[in-house]
Amino acid sequence: MNYATADDLINFELGIAKLWENGDLPFLLHFCGGNEAWLADFFQQVNEGDWIFSTHRNHYHALLGGIDPNRLTDLIRRGDSMFVFDQQRHFFTSSILAGTCGIAAGVAWALKEESSKNRVWCFLGDGAEEEGHFYEAVMMVTGHDLPCTFIIEDNNRSVDTSIEERMPNPFRMPWPDCVVRHSYTPVYPHAGNGCKHMITFKPLAQTTETAS
Ligand SMILES: Cc1ncc(C[n+]2csc(CCOP(=O)(O)OP(=O)(O)O)c2C)c(N)n1
Ligand SMILES: [Mg+2]
(Lines give C-alpha, C1' and ligand atoms only; values in the text may rest on other atoms or scores of the structure.)
(Ligands and ions follow the chains in the order given, each with its own letter.)
Protein backbone atom coordinates (compact mmCIF):
# COMPACT_ATOMS: atom_id res chain seq x y z
CA MET A 1 0.00 0.00 0.00
CA ASN A 2 1.29 3.42 -0.85
CA TYR A 3 -1.23 5.87 0.54
CA ALA A 4 1.21 8.10 2.45
CA THR A 5 4.89 8.85 2.63
CA ALA A 6 6.81 9.45 5.85
CA ASP A 7 6.66 13.19 5.08
CA ASP A 8 2.88 13.04 4.60
CA LEU A 9 2.58 11.45 8.03
CA ILE A 10 4.80 14.05 9.69
CA ASN A 11 2.94 16.93 8.04
CA PHE A 12 -0.39 15.48 9.10
CA GLU A 13 0.75 15.24 12.72
CA LEU A 14 2.13 18.77 12.66
CA GLY A 15 -1.28 20.02 11.50
CA ILE A 16 -3.04 18.13 14.29
CA ALA A 17 -0.44 19.30 16.83
CA LYS A 18 -1.28 22.88 15.84
CA LEU A 19 -4.99 22.26 16.47
CA TRP A 20 -4.09 20.70 19.82
CA GLU A 21 -1.83 23.56 20.83
CA ASN A 22 -4.58 26.03 19.92
CA GLY A 23 -7.00 24.19 22.20
CA ASP A 24 -9.23 23.41 19.19
CA LEU A 25 -9.72 19.71 19.93
CA PRO A 26 -12.47 18.43 22.21
CA PHE A 27 -10.87 15.23 23.44
CA LEU A 28 -7.65 13.37 24.08
CA LEU A 29 -5.56 12.06 21.21
CA HIS A 30 -2.27 10.24 20.76
CA PHE A 31 0.46 11.37 18.41
CA CYS A 32 2.48 8.80 16.48
CA GLY A 33 5.59 10.90 15.76
CA GLY A 34 8.90 9.08 15.56
CA ASN A 35 7.99 5.91 13.68
CA GLU A 36 6.90 7.27 10.32
CA ALA A 37 9.81 6.09 8.14
CA TRP A 38 9.68 2.51 9.41
CA LEU A 39 5.89 2.34 9.15
CA ALA A 40 5.74 3.80 5.65
CA ASP A 41 8.21 1.14 4.58
CA PHE A 42 6.40 -1.63 6.47
CA PHE A 43 3.11 -0.86 4.75
CA GLN A 44 4.61 -1.68 1.34
CA GLN A 45 3.78 -5.32 2.09
CA VAL A 46 0.18 -4.57 3.11
CA ASN A 47 -2.22 -5.25 0.25
CA GLU A 48 -5.66 -3.97 -0.73
CA GLY A 49 -8.29 -6.02 1.07
CA ASP A 50 -6.02 -6.88 3.99
CA TRP A 51 -7.38 -6.26 7.47
CA ILE A 52 -5.71 -3.72 9.75
CA PHE A 53 -6.24 -3.52 13.49
CA SER A 54 -4.87 -0.60 15.44
CA THR A 55 -5.00 1.07 18.81
CA HIS A 56 -5.55 4.40 20.55
CA ARG A 57 -2.46 5.56 18.61
CA ASN A 58 -3.79 4.96 15.11
CA HIS A 59 -3.38 8.06 12.90
CA TYR A 60 -0.39 6.75 10.97
CA HIS A 61 -1.93 3.31 10.45
CA ALA A 62 -5.16 4.94 9.27
CA LEU A 63 -3.40 7.18 6.72
CA LEU A 64 -1.16 4.38 5.47
CA GLY A 65 -4.20 2.12 5.26
CA GLY A 66 -5.93 4.51 2.87
CA ILE A 67 -8.21 6.53 5.13
CA ASP A 68 -8.68 9.98 3.67
CA PRO A 69 -6.65 12.59 5.62
CA ASN A 70 -9.58 15.04 5.59
CA ARG A 71 -11.92 12.42 7.00
CA LEU A 72 -9.37 11.54 9.67
CA THR A 73 -8.98 15.22 10.55
CA ASP A 74 -12.77 15.55 10.88
CA LEU A 75 -12.86 12.55 13.20
CA ILE A 76 -10.06 13.99 15.35
CA ARG A 77 -11.76 17.41 15.38
CA ARG A 78 -14.92 15.88 16.78
CA GLY A 79 -13.03 13.91 19.44
CA ASP A 80 -13.02 10.51 17.75
CA SER A 81 -9.26 10.05 17.38
CA MET A 82 -9.38 6.84 19.38
CA PHE A 83 -12.42 5.46 17.58
CA VAL A 84 -11.36 5.49 13.94
CA PHE A 85 -12.74 2.74 11.75
CA ASP A 86 -13.61 2.13 8.14
CA GLN A 87 -15.48 -1.04 7.34
CA GLN A 88 -14.86 -0.86 3.59
CA ARG A 89 -11.14 -0.50 4.08
CA HIS A 90 -11.13 -3.24 6.76
CA PHE A 91 -9.66 -0.80 9.26
CA PHE A 92 -10.56 -1.13 12.94
CA THR A 93 -9.21 0.24 16.19
CA SER A 94 -9.72 -0.28 19.90
CA SER A 95 -8.36 1.61 22.87
CA ILE A 96 -8.74 -1.48 25.04
CA LEU A 97 -5.18 -2.68 25.43
CA ALA A 98 -4.67 -5.83 23.35
CA GLY A 99 -8.42 -5.74 22.71
CA THR A 100 -8.06 -6.40 19.00
CA CYS A 101 -5.64 -9.35 19.21
CA GLY A 102 -8.28 -12.06 19.55
CA ILE A 103 -10.45 -10.42 16.89
CA ALA A 104 -7.46 -10.27 14.55
CA ALA A 105 -6.81 -13.98 15.11
CA GLY A 106 -10.51 -14.72 14.48
CA VAL A 107 -10.54 -12.76 11.22
CA ALA A 108 -7.36 -14.56 10.17
CA TRP A 109 -9.08 -17.87 10.91
CA ALA A 110 -11.98 -16.86 8.64
CA LEU A 111 -9.60 -15.75 5.88
CA LYS A 112 -7.83 -19.10 6.02
CA GLU A 113 -11.16 -20.96 5.91
CA GLU A 114 -12.06 -18.98 2.77
CA SER A 115 -8.62 -19.63 1.24
CA SER A 116 -8.36 -15.84 0.93
CA LYS A 117 -5.15 -14.25 -0.29
CA ASN A 118 -5.61 -11.44 2.22
CA ARG A 119 -4.10 -11.32 5.67
CA VAL A 120 -4.39 -9.49 8.96
CA TRP A 121 -2.02 -6.90 10.40
CA CYS A 122 -2.51 -6.15 14.07
CA PHE A 123 -0.59 -3.20 15.54
CA LEU A 124 0.03 -2.85 19.26
CA GLY A 125 2.26 -1.08 21.74
CA ASP A 126 4.81 -2.50 24.16
CA GLY A 127 2.33 -2.03 27.01
CA ALA A 128 -0.27 -4.16 25.20
CA GLU A 129 2.40 -6.81 24.73
CA GLU A 130 2.18 -7.44 28.47
CA GLU A 131 -1.53 -8.32 28.34
CA GLY A 132 -2.71 -11.94 28.47
CA HIS A 133 -5.00 -11.55 25.45
CA PHE A 134 -1.96 -10.99 23.29
CA TYR A 135 -0.37 -14.26 24.38
CA GLU A 136 -3.56 -16.21 23.62
CA ALA A 137 -3.86 -14.68 20.16
CA VAL A 138 -0.21 -15.39 19.34
CA MET A 139 -0.72 -19.02 20.42
CA MET A 140 -3.77 -19.34 18.16
CA VAL A 141 -2.15 -17.71 15.15
CA THR A 142 1.01 -19.78 15.47
CA GLY A 143 -0.69 -23.04 16.43
CA HIS A 144 -3.10 -22.83 13.48
CA ASP A 145 -0.73 -21.15 11.05
CA LEU A 146 -3.12 -18.25 10.49
CA PRO A 147 -2.41 -15.32 8.12
CA CYS A 148 -1.89 -12.72 10.83
CA THR A 149 1.09 -10.61 11.87
CA PHE A 150 1.26 -8.75 15.17
CA ILE A 151 3.42 -5.63 15.08
CA ILE A 152 4.71 -4.29 18.38
CA GLU A 153 5.63 -0.65 18.03
CA ASP A 154 7.87 -0.36 21.04
CA ASN A 155 8.30 3.22 22.22
CA ASN A 156 9.43 1.96 25.65
CA ARG A 157 6.41 3.62 27.16
CA SER A 158 3.22 2.30 28.70
CA VAL A 159 1.48 5.63 29.02
CA ASP A 160 4.61 7.43 30.24
CA THR A 161 6.28 4.55 32.10
CA SER A 162 9.38 2.89 30.67
CA ILE A 163 9.93 -0.87 30.91
CA GLU A 164 12.68 -0.25 33.44
CA GLU A 165 10.13 1.48 35.67
CA ARG A 166 7.44 -1.15 35.01
CA MET A 167 9.63 -4.14 35.85
CA PRO A 168 12.62 -4.39 38.15
CA ASN A 169 13.90 -7.12 35.83
CA PRO A 170 12.88 -5.97 32.32
CA PHE A 171 11.87 -9.01 30.30
CA ARG A 172 10.50 -9.68 26.85
CA MET A 173 9.07 -12.95 25.55
CA PRO A 174 10.88 -14.56 22.63
CA TRP A 175 7.78 -14.38 20.45
CA PRO A 176 7.35 -16.62 17.37
CA ASP A 177 7.55 -15.42 13.77
CA CYS A 178 4.03 -13.95 13.66
CA VAL A 179 5.26 -11.14 15.92
CA VAL A 180 7.37 -8.26 14.60
CA ARG A 181 8.93 -5.85 17.07
CA HIS A 182 10.18 -2.41 16.19
CA SER A 183 11.64 0.02 18.72
CA TYR A 184 11.50 3.74 18.16
CA THR A 185 11.84 6.96 20.11
CA PRO A 186 8.56 8.86 20.34
CA VAL A 187 8.51 12.56 19.48
CA TYR A 188 5.53 13.41 21.67
CA PRO A 189 4.61 12.33 25.21
CA HIS A 190 1.84 9.74 25.63
CA ALA A 191 -1.27 11.79 24.98
CA GLY A 192 -0.09 15.30 24.49
CA ASN A 193 0.88 15.50 28.17
CA GLY A 194 3.30 18.37 28.41
CA CYS A 195 1.73 20.23 25.51
CA LYS A 196 0.43 23.51 26.81
CA HIS A 197 -3.27 22.73 26.26
CA MET A 198 -3.38 19.38 28.03
CA ILE A 199 -6.29 20.50 30.14
CA THR A 200 -7.84 23.13 27.89
CA PHE A 201 -10.10 20.99 25.73
CA LYS A 202 -12.66 22.73 23.64
CA PRO A 203 -15.97 21.65 25.21
CA LEU A 204 -18.21 19.36 23.16
CA ALA A 205 -21.55 20.85 22.14
CA GLN A 206 -24.08 20.33 24.91
CA THR A 207 -26.90 17.96 24.09
CA THR A 208 -30.32 19.06 25.20
CA GLU A 209 -32.16 16.49 27.25
CA THR A 210 -35.92 16.48 27.00
CA ALA A 211 -37.78 16.11 30.26
CA SER A 212 -40.06 13.09 30.32
C1 LIG B 1 -7.38 -3.06 29.22
C2 LIG B 1 -6.82 -1.68 29.44
N3 LIG B 1 -6.11 -1.39 30.54
C4 LIG B 1 -5.61 -0.15 30.72
C5 LIG B 1 -5.79 0.84 29.79
C6 LIG B 1 -5.24 2.24 30.01
N7 LIG B 1 -4.14 2.50 29.06
C8 LIG B 1 -4.32 3.27 27.96
S9 LIG B 1 -2.93 3.39 27.02
C10 LIG B 1 -2.04 2.48 28.12
C11 LIG B 1 -0.59 2.19 27.88
C12 LIG B 1 -0.39 1.20 26.81
O13 LIG B 1 0.95 1.03 26.47
P14 LIG B 1 1.32 0.85 24.96
O15 LIG B 1 0.49 -0.25 24.40
O16 LIG B 1 2.79 0.71 24.87
O17 LIG B 1 0.83 2.19 24.31
P18 LIG B 1 1.54 3.64 24.42
O19 LIG B 1 1.50 4.04 25.86
O20 LIG B 1 2.94 3.48 23.92
O21 LIG B 1 0.71 4.50 23.56
C22 LIG B 1 -2.84 2.07 29.19
C23 LIG B 1 -2.38 1.25 30.33
C24 LIG B 1 -6.54 0.50 28.64
N25 LIG B 1 -6.75 1.38 27.66
N26 LIG B 1 -7.03 -0.77 28.47
MG1 LIG C 1 4.25 1.95 24.26
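How many of the 212 residues in the protein chain are buried? Buried residues make up 34% of them, where "buried" means that 20 or more other C-beta atoms lie within 10 Å of a residue's own, "exposed" means 12 or fewer, and "partly exposed" is in between, with C-beta atoms placed from the backbone. Before the close-ups, a quick note: this is a predicted model, in which local features need pLDDT of at least 70, side-chain atom pairs count only at pLDDT 80 or more, and totals for chains, interfaces and linings use all residues. Residues are numbered from 1 along each chain as its sequence is written, while chains are lettered from A and ligands numbered from 1 in the order in which they are written.

**View 1. The whole chain, element by element.**
The protein chain has seven helices and five strands. Helices (H or I, at least four residues) and strands (E, at least two) are DSSP runs, numbered from the N terminus. Read from that end, the order is α-α-β-α-α-β-α-β-α-β-α-β. Now for contacts, which are pairs of residues whose C-beta atoms, placed from the backbone, lie within 7 Å. Take the contacts with a separation of 6 or more: 79% of them are between residues 24 or more positions apart.

**View 2. The surroundings of ligand 1.**
Here you can see the 16 residues that surround ligand 1. A residue is counted as near if its C-beta atom, placed from the backbone, lies within 6 Å of the molecule. The closest are L97, G125, G127, A128 and S158. By type, the shell divides into five nonpolar, eight polar and three charged residues. In this sorting, Ala, Val, Leu, Ile, Met, Phe, Trp, Tyr, Cys and Pro count as nonpolar, Asp, Glu, Lys and Arg as charged, and the others, Gly among them, as polar.

**View 3. Helix α1, with its two faces.**
Helix α1 takes in residues 6-21. Its 16 residues should span 22 Å at 1.5 Å a residue, and its end C-alpha atoms are indeed 22 Å apart. (The expected span is 1.5 Å times one less than the number of residues.) Look for L9, F12, E13, I16 and W20, which are buried. Seen down the axis, these buried residues fall within an arc of 95 degrees, so they line one face of the helix; the arc is that of the directions from the helix axis to the C-beta atoms. Turned away from that buried side are the exposed residues D7, L14 and K18. The cover over the buried residues of α1 includes α2 (36-42), α3 (59-64) and α4 (69-77). After the helix comes G23, with a positive phi near 70 degrees.

**View 4. Helix α6 and what lies over it.**
For the 12 residues of α6 the expected span is 16 Å, and the end C-alpha atoms are 17 Å apart, which agrees. Which residues of α6 are buried? They are F134, A137, V138 and V141. These cover an arc of only 100 degrees around the axis, which puts them on the same side of α6. The face turned away from the buried side carries the exposed residues G132 and G143. Covering the buried residues are, among others, α5 (101-113), β3, β4 and β5 (179-183). D145, which follows α6, has a positive phi near 50 degrees.

**View 5. Strands β3 and β4, side by side.**
Strand β3 (residues 120-125) and β4 run parallel and are joined by six bridges; two strands pair if DSSP finds at least two bridges between them. One pair to pick out is C122 with its bridge partner F150 in β4. Strand β4 (residues 148-154) is mostly covered, with five of its seven residues buried.

**View 6. A98 and G132.**
A98 sits in the loop between β2 and α5. It's not a glycine, yet its phi is positive, near 65 degrees. A98 is buried, with 23 other C-beta atoms within 10 Å. G132 belongs to helix α6 (residues 132-143) and counts as exposed, with 9 C-beta neighbours inside 10 Å. The two are 34 residues apart in sequence, but their C-alpha atoms are 8.2 Å apart in space.

**View 7. K112 on helix α5.**
K112 is found in helix α5. Is K112 buried or partly exposed? K112 is partly exposed, with 15 other C-beta atoms within 10 Å. Leaving out residues up to four places away in sequence, K112 touches L146 and P147.

How values were computed. Contact = placed C-beta atoms within 7 Å.
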